[in-house]
Amino acid sequence: MSGAALGLEIVFVFFLALFLLHRYGDFKKQHRLVIIATLLAWYLCFLIVFILPLDVSTTIYNRCKLAVNSSPAESNGSYVTLAPSKQKCFKPWSYIPDGIMPIFWRVVYWTSQFLTWILLPFMQSYARSGGFSITGKIKTALIENAIYYGTYLLIFGAFLIYVAVNPNFNLQWNQLQTIGIAAANTWGLFLLVLLLGYGLVEIPRSHWNGAKRGYLLMKTYFKAAKLMTEKADAEENLEDIMEEVRKVSESIKYNHPLRKCVDTILKKCPTEYQERMGRNMDDYEDFDERQNSYPSEKSLAKLHKQVIYSVQRHRRTQVQWQILLEQAFYLEDVAKNESSATRQFVHTFHSQEPENKIIQYFYTPTVEWYWECLLRPWFYRVLAVVLATFSVIVVWSECTFFSTKPVLSLFAVFIQLAEKTYNYIYIEMACFLTIFFLSICVYSTVFRIRVFNYYYLASHHQTDAYSLLFSGMLFCRLTPPLCLNFLGLTHMDATISHKNTQPTAYTSIMGSMRVLSFIADGFYIYYPMLVVILCIATYFSLGTRCLNLLGFQQFMGDSEMTSDLIDEGKELIRREKRKRQRQEEGENRRREWKERYGKRDDSTRNRAVHTDQKESSFSETNANRPLSKYTRSNGRTERDRIELLQDAEPLDFNADSVNDDPLESDSGR
């Protein structure tokens, strides 16, 4: 089993990242480099979260071996004896041989840092560029990132000059590397605490509210009203952009040098607009530079960028509107079926997508009624209580993990108790649940957050390339400080525990943070305590209230604006419901008409076809008769067929009256 657990988790995490990326991205329409870069960023970050518990159990086993092999006289050396007595150390089932984990962490960490600080920002500008060639897009991306990269180079250059001039500093390459890692982790920890404080409260609360049927339905109505406004705005914006494209397409003719750029823009437009603009365009009209003023390539690149953005936004709002309608209809069905006496779930509309036969066999209407109307609310309440308990433990540990005597961090207490008995399975499960919960709180906030229309992760393949790359940047910047924070909560980091013990392989590549004592002993320890203030602010919805005061409509039960939007959304859902009901009634009437009169129509159609066949055979006979007179038959079958046709012909045969022109023969007959 040596190394097998590492290999299995590497494969499992890859498919997990691929599944999530397939849910949010679009493999068919988006650029392959965007998909590969985002997949690599997500994969590396998820891999760190899943592999770190194995590193902890392997480190505890190595500490046990050192403690057993060391004598009391050697206890003042590099490592101290952790076990109270020399007992046999049991190798964990997921033990990773020495030398593998440091190389693995070094490759994963530096690859993720290269992605987040160099490659992904460049690819963001490249993806949003409206250039018509690879060279043009690269040039635009370099210009946009000049300030971004120049700022880092300026800060780093100033720091190097200060170190070189000051004689009190004698920094080596390893120390400079540690300073760079500390700077990156400090930036990530600053953002980590903000996202963690929101997720620790919002995740349990969202599951608790998920058990309230009326709450979910009212919130869906509220979302419908907001989404309809955004949908109308996207349609209006698309119409304006398409009008500009039409004017440009009519002004730049087929033999203009920039016509290829216009054709590239037209390919990005929806199909109905392409057909409309194709009908109104005269490609045979030459252009005249003296009479018309033509746009430049730079303005066409800007228009190209606007077309890509407007089409993506329009498509996304259309898909989200259909998904929200299905959700609203389903919640209304749940509210209607709660008082059902038959205890069978009845849907107002049938599912448009074909359901799996296995799911239909087990998930019957009766099972669906018991789950949706009885069991699901209680399941969500129990899950919310469990998540709230985890949140309280995390907040307590974040405020007390710096205390080593006594140990107040509950996660450190659990790990140390398991370490005494060398229960590696319990250690790995406790570590995995802890870091997994922290990751859910942080990553779910990244998926939920929306920065106007510039960053928004939309499911059902509706996320644009810019948002995918930006999410990869956030994951790569948040994951290393998240793992360091987890190791501090469990006292596996020597900087926190103040013990001269063997560090984990992950902390060994970070270097000693003692180089920057004000960060190691100050910021890393006391800044996470701000999570308490952020949790309190999230619990009382201070951020939501501030956004509501600034004019950004947020769902608040005691707001008059919220009530108006709920009523508006309810009316929109009712209107769409009536529209779909009329469509289904029309389809049912057409189906009944076809079933009732279909056989009669088929018999009439068959008689008409039979009559046409007889007429066609009759005309073929008249056309082929003179040929049979002047040609010799090569077989008995052909001669028999001609004789049968002659017998069926009641008219007299006259070779002189046969005309070679079939049109004239038909008219004569």
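Arg313 is buried, with a relative accessible area of 8%; buried means under 20%, exposed means over 50%, and partly exposed is in between (1.4 Å probe, protein chains only). Asp233 meets Arg313 in a salt bridge, at 3.0 Å from N to O. For a salt bridge, a side-chain nitrogen of Lys or Arg has to sit within 4 Å of a carboxyl oxygen of Asp or Glu. A heads-up before you go on: this is a predicted model, where local features need pLDDT of at least 70, side-chain atom pairs count only at pLDDT 80 or more, and totals for chains, interfaces and linings use all residues. Residues are numbered from 1 along each chain as its sequence is written, and side-chain values use heavy atoms, with hydrogens and water left out.

**Salt bridges**

- The structure holds 12 salt bridges.
- Back to Asp233 and Arg313: this pair links distant parts of the chain, with Asp233 in helix 7 (residues 213–251), Arg313 in helix 10 (residues 297–337), and their positions 80 residues apart. Helices here are DSSP runs of H or I with at least four residues, strands are runs of E with at least two, and both are numbered from the N terminus.
- While Arg313 is buried, its partner Asp233 counts as partly exposed at 37% relative accessibility.
- Helix 7 also has a pair of its own: Glu250 and Arg246 form a salt bridge at 2.8 Å, N to O. They are 4 residues apart in helix 7, about one turn of the helix.
- Glu250 is partly exposed at 30%, and Arg246 is partly exposed at 25%.
- Asp263 and Arg259 make a salt bridge too, at 3.2 Å from N to O. Both are in helix 8 (residues 259–268), and because they are 4 residues apart there, about one helical turn separates them.
- In that pair, Arg259 is buried with a relative accessible area of 6%, whereas Asp263 is partly exposed with 32%.
- Glu230, Arg316 and Arg450 are tied together in a network of salt bridges.

**The annotated stretch**

- An unreviewed UniProt entry carries the annotation "coiled-coil region" for residues 224–251. UniProt positions are given in the numbering used here, feature names are shortened, and annotations may be inferred rather than shown by experiment.
- In the model, residues 224–251 are 100% helix and 0% strand, and the C-alpha atoms at the two ends lie 40 Å apart.

**Surface patches**

- Arg575, Arg578, Lys579 and Arg582 form a positive surface patch. Patches take residues with over 30% relative accessible area and no salt bridge, joining like charges within 9 Å and nonpolar side chains (Val, Leu, Ile, Met, Phe, Trp, Tyr) within 5 Å.
- As for the charges, Lys and Arg count as positive and Asp and Glu as negative, while His and the chain ends are not counted. Each charge is placed at NZ of Lys, CZ of Arg, CG of Asp or CD of Glu.
- Lys579 from this patch is in helix 21 (residues 560–630) and is partly exposed at 43%.
- Trp93, Ile425, Met429 and Leu433 make a nonpolar surface patch of about 410 Å². Accessible areas come from the Shrake-Rupley method with a 1.4 Å probe, and for residues only the protein chains shown count as cover.
- Look for Trp93 in the loop between helix 2 (32–69) and helix 3 (100–128); Trp93 is partly exposed at 42%.

**Backbone oddities to look up**

- Lys405 and Pro406 are joined by a cis peptide bond, with omega at about 0 degrees. Pro406 is in the loop between helix 12 (365–400) and helix 13 (410–421).
- Arg343 isn't a glycine, but it has a positive phi of about 60 degrees. You'll find Arg343 in the loop between helix 10 and helix 11 (357–362), partly exposed at 41%.
- Tyr422 also has a positive phi, near 55 degrees, without being a glycine. Tyr422 is in the loop between helix 13 and helix 14 (424–448) and is buried at 11%.

**A proline inside a helix**

- Pro53 lies in helix 2 and is buried, with a relative accessible area of 4%.
- Pro53 and Leu487 are 434 residues apart along the chain, and 10.0 Å separates their C-alpha atoms.
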